[in-house]
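Hi everyone, thanks for coming. Let me put the structure up on the screen, and then we'll walk through it together.

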Amino acid sequence: MNLETPLKQEYNITVYTENHVGLLHRICIVFSRRKINIESLNTSPSEVAGIHRFNILIFETEEVIRKLCRHLEKLTEVLKVYYHTNEDIVWQELAMYKVPTSVIAEQVSVERLLRCYGARVVVIRKDYTIFETTGQREETDKLITVLQPYGLIEFVRSARVVVIKDSEGFNHKLRQFERTAVGEES
Amino acid sequence: MDQKEIKKISGSVAIMEALVAEETEIIFGMPGGANIAMYDALYDYSQQLKHILVRHEQGGIHAAQGYARASGKVGVVFVTSGPGTTNLVTGIADAMIDSTPVVCITGQVAAHLLGSDAFQETDIINISTPITKWNYQITDASEIPSVLAKAFYIARSGRPGPVLIDITKNAQVQFFDYCGYEKCNHIRSYRPKPIVREQYIQQAAELINRAQKPLVIWGQGVILGRAEQEFKTFIEKSGIPAAWTVLGAGAIPSDHQLNVGMLGMHGNYAPNVLTNDCDLLIAIGMRFDDRVTGRLDSYAKQAQVIHLDIDPAEIDKNVSTTIPVWGDCKETLPLLTALIDKKEHKDWRRKFQSLYKEEIDAVIHAELNPASDELTMGEVVQLLNEFTKGDAILVSDVGQNQMATIRYSKLNHTRSNVTSGGLGTMGFALPAAVGAKYGAPERTVLAIIGDGGFQMNIQELGTIMQNSLDIKIVILNNRFLGMVRQWQELFNDSRYSFSDMENPDFVALAAAYRIAGKCVSEREHLRDAIKKMFEHKGPYLLEVMVSKENNIFPMIPAGAAVSEIRLK
Ligand SMILES: Cc1ncc(C[n+]2csc(CCOP(=O)(O)OP(=O)(O)O)c2C)c(N)n1
């Protein structure tokens, strides 16, 4: 291995923003202008009123990630940006699977399925049934393999959502940010 | 107007009220279908708001940039939707990379037509997103006061930049309850200045006090931060030689004894060579552009680096710093000055002098006293100095003319060097000179432009004519896209692929715009011609025929280290 080459790995970028039209574009072009692909992206309101939280998954070197984060933080509507490796976080994805009820009822041990894969039934109709499971990529992938032979009609997976293991909590940080910074301006 | 009092006004009138409240002196613009309501409101505000009709929207935004650079205030542009907005794009990108505060107010089709491919509908918000500090589309008149307040605040605060506000036609004509204009001074998510950290100031001062061969390199941040005085005090106490980037020129006078010249590709020999010899590099309000650093992996590797910048994203972006001094240099420089020892660094400074002498012998002497009959750009600029005495605003275009102007011009005052730095936009100078004149009406404005770049916004001669603007235009005509030709000569075996030009009669062209002018090609007539130009009241165009194939030296070839700078 060439020790000179910096290591690329998955980094989880957490971005706290105001909620404005067009902000997603502004954030995305920080990556696209450098031809960096976004592996996964989740955006939703945070626990703080008016503040959104983005989780962005990027495969890059730490040096690049640090520059990306500085650039993101400079955007007017962005409050705070953090990045973490997979070791520093707990992450989950939500997946939903739609299968024909007739096949399922006859051929699948639904009970086993629910147990082995931690799946839940969300909807049961005459024509189809929807399962849902939460977990990491391999776990949700496994259930696809299991259900594929029974005529999986539709599958969808959410972006990754991330909790930072050692964070003191953004709530705290945000309060600090909003407090310290007012006097800082001219 | 009483803050509490509510009255019904139109969106367009609210725009005018906002501009008046922001103390806008001048708007550069062009009306059209989607901003005609704004222009109608402007008609009633012509006492408070001056408007200059440009001949092309690109001219409008470059004028606003020139105004901002000369005055330190926010430039304002009005354009219509569609082509009016796309014509702004070059100028917005230029203002973004050069941190110029500009607010562009663009008309847009009515809100109900958005997304329908309506006549002159262009998605300028998405087009301009990568090249604006902030942008926003207003579809309801009631948003106008608060959004414009934010726009001005963002454009001028922190590291300045362009802001674009797109206002749909319905919002311009809509009446709403207006309860006054409140300036913005806080945005929840926006911190224009990073917090100054004491410990870094202390550590930086320690490094400075220990350094034997320190070098200061400064950029436009000193000017944008209005920290010229603080900067001067700092270098005078520390005794550290200081070199500048293209956009930093003029922050301290050209002939200041600690001013050791220009950095980068066509900069001076000494500061480039000694960048790779110093033991401490103190970068102030500059961003280590590749035209300054040359090859990065052999840039100042021997030195420790202190970087003072208001934009945290600049720290460690291109060059790793030993000590980052985040903050506005107007605040950080005095803190630093207080902690440093008074020094002179005499021996170290002598090195600069001796390398400067080498540059004089190898380059400067021949440029300013050419052996041949052909005029050089350098000698023209030198002669112009005699008349301006260093007090004029020099607006240069892009190419050899720009490098000659910036290398050889004498600048006594800050905000005297207006040029397109980061984007290198040909066609910048003529409209920027228009803006600079409005930004500093009491000063002489001298535009120095190549024959190529002059033809890129030549239409602004119309603006100059209509307003009888007293601008002196010097065309350095080498009948080539000179800088391209130079590269082709040096790096492509003189294969002059599409770089030579057949030019019009520029003096006749000026005459068509009722602008006086003259063309000179002989040395013996040059002084007299320049004298006439400066004596002339009103705009004047002086075309100077210069050597066709002269090169700008020194030069750091692309991909070479700063210390590999070539004298020939
Ligand atoms: C808009 C734009 N197009 C192309 C270029 C590339 N370019 C850089 S310098 C130059 C030649 C400029 O020629 P001229 O204006 O005659 O000035 P000179 O170098 O001869 O002084 C060109 C084409 C540019 N900088 N800007």
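**Cysteines, overall build and backbone**

Let's start with the cysteines: over all chains, the structure holds 0 disulfides, where a disulfide is a pair of cysteine sulfur atoms within 2.5 Å. C104(B) is in no disulfide, and its nearest cysteine sulfur, that of C184(B), is 18 Å away. For those new to the term, a disulfide is a covalent bond between the sulfur atoms of two cysteines.

Before I go on, a word on the ground rules. This is a predicted model, in which local features need pLDDT of at least 70 and side-chain atom pairs count only at pLDDT 80 or more, while totals for chains, interfaces and linings use all residues. Residues are numbered from 1 along each chain as its sequence is written, chains are lettered from A and ligands numbered from 1 in the order in which they are written, and side-chain values use heavy atoms, with hydrogens and water left out.

Back to C184(B): why is there no bond there? Its sulfur is 16 Å from the closest cysteine sulfur, in C179(B), and that is too far for a bond.

Are these cysteines buried or exposed? C104(B) has 1% relative accessibility, so it counts as buried, and C184(B), at 18%, counts as buried too. Here buried means under 20% relative accessible area, exposed over 50%, and partly exposed in between, with a 1.4 Å probe and protein chains only.

Now let's step back to the whole chain. Chain B has 23 helices and 20 strands; these are DSSP runs, with helices being H or I of at least four residues and strands E of at least two, numbered from the N terminus. Of its 568 residues, 61% count as buried. Along its principal axes, the C-alpha trace of chain B spans about 70 × 60 × 40 Å.

Finally, some backbone details. Most residues other than glycine have a negative phi, and most peptide bonds are trans. Where is the cis peptide bond that joins F553(B) and P554(B)? P554(B) sits in the segment after β20 (540-545) of chain B, and omega of that bond is about 0°.

D117(B) has a positive phi, near 60°. You'll find D117(B) in the loop between β5 (102-108) and α6 (124-128), and with a relative accessible area of 72% it is exposed.

S494(B) also has a positive phi, near 55°. S494(B) lies in the loop between α21 (482-491) and α22 (506-512), and at 38% relative accessibility it counts as partly exposed.
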